[in-house]
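Me: Please take me through this fold in questions and answers, beginning with the conventions and then going from the overall layout to individual residues.

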Amino acid sequence: MLLYMSQPQEATSTPLHSVSVAGVVVREDGRLLAIRRADNGTWELPGGVLELDETPEAGVAREVLEETGIQVEVDELTGVYKNTTRGIVALVFRCKPSGGVERTSSESTAVSWLTPDEVSKYMAEVYAVRLLDALDGNGPHVRSHNGKHLIPAG
């Protein structure tokens, strides 16, 4: 005997993920675009939540422009990073600057072009690795972290 329910089933408690995008903007001299976030003062690459109606590439270009004033050409996906604590999956793309002038925004208190050594010095491991992965040419990389430290694969 088959039983069909006429009432909708209760929603499951499966956690949801959000998708963010970020741009590793590399100048010809090898310097990398970074922002100091207004909300917590940490140095990170420009990025944010991908909107439902946009492609990942369009989202990266929008976020970089909004946060830094720099227009970019999006080259390629260099990594996928999951924050297992907050349920955020970040798609990171290498980009080239194509125009604009550096400026801060409501989301950034500083915009700077950093050397790879400065990236390692100023950024937390889970953010620095995204920029350094984009430079190594061996991507796309897939990594997970708990918000503070990378989690070994497997």
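Reply: Two strands are said to pair if DSSP finds at least two bridges between them, and the elements themselves are DSSP runs numbered from the N terminus, with helices (H or I) of at least four residues and strands (E) of at least two. This is a predicted model, in which local features need pLDDT of at least 70 and side-chain atom pairs count only at pLDDT 80 or more, while totals for chains, interfaces and linings use all residues. Residues are numbered from 1 along each chain as its sequence is written, and side-chain values use heavy atoms, with hydrogens and water left out.

Me: In what order do the elements of the protein run from the N terminus on?
Reply: The protein contains 3 helices and 9 strands, and its C-alpha atoms fill a box of roughly 70 × 35 × 30 Å along the principal axes. Read from the N terminus, the order of the elements is β-β-β-β-α-β-β-β-α-α-β-β.

Me: What percentage of the contacts with a separation of 6 or more is between residues 24 or more positions apart?
Reply: Of the 154 residues, 37% count as buried (under 20% relative accessible area, against over 50% for exposed and partly exposed in between, with a 1.4 Å probe and protein chains only). For contacts (heavy atoms within 4.5 Å) with a separation of 6 or more, the share of pairs 24 or more positions apart is 64%.

Me: What is the order of the 6 strands that form the open sheet with mixed pairing?
Reply: One open sheet is built from 3 strands with antiparallel pairing, in the order S3-S2-S7, and its edge strands S3 (43-44) and S7 (108-114) each pair on one side only. The other open sheet is made of 6 strands with mixed pairing, in the order S4-S1-S6-S5-S8-S9.

Me: Which strands stand at the edges, each with a single partner strand, so that one side of each is left without a neighbour in the sheet?
Reply: The sheet in question has the order S4-S1-S6-S5-S8-S9. Its two edge strands have a single partner each, so one side of each is left without a neighbour in the sheet, and they are S4 (47-49) and S9 (150-151).

Me: Which residue of S6 is the bridge partner of Val21?
Reply: Strand S1 (residues 18-25) pairs in the parallel sense with S6 (residues 88-100) over 8 bridges, one of which sets Ala22 opposite Val92, and S1 also pairs in the antiparallel sense with S4 over 3 bridges. Since 6 of its 8 residues are buried, S1 is largely enclosed by the rest of the structure. Val21 stands opposite Gly48 in S4, and in S6 its bridge partner is Leu91.

Me: Which residue in the turn of the hairpin formed by S5 and S6 has a positive phi?
Reply: S5 and S6 pair in the antiparallel sense over 12 bridges, and Val74 stands opposite Cys95 of S6. The hairpin that S5 and S6 form has 4 residues between the strands, and the turn residue with a positive phi, about 70°, is Gly87.

Me: At about what angle does the direction of helix H3 lie to that of S8?
Reply: Angles here run from 0 to 180 degrees between N-to-C directions of lines fitted to C-alpha atoms, for helices over the stretch in contact. Helix H1 lies across S1, S4, S5 (70-83) and S6, at about 110° to S5. Helix H3 (residues 125-136) packs on the sheet, touching S1, S5, S6, S8 (141-145) and S9, and the angle between the directions of H3 and S8 is about 175°.

Me: How many Å lie between Thr85 and Gly147, C-alpha to C-alpha?
Reply: Thr85 belongs to the loop between S5 and S6, and it counts as exposed because its relative accessibility is 57%. Apart from neighbours within four places in sequence, Thr85 is in contact with His145 and Asn146. Gly147 is 62 residues from Thr85 in sequence, while their C-alpha atoms are separated in space by 6.6 Å.

Me: Which residues does the cis peptide bond join?
Reply: One of these residues, Pro140, has its place in the loop between H3 and S8. The cis bond, with omega near 5°, runs from Gly139 to Pro140.
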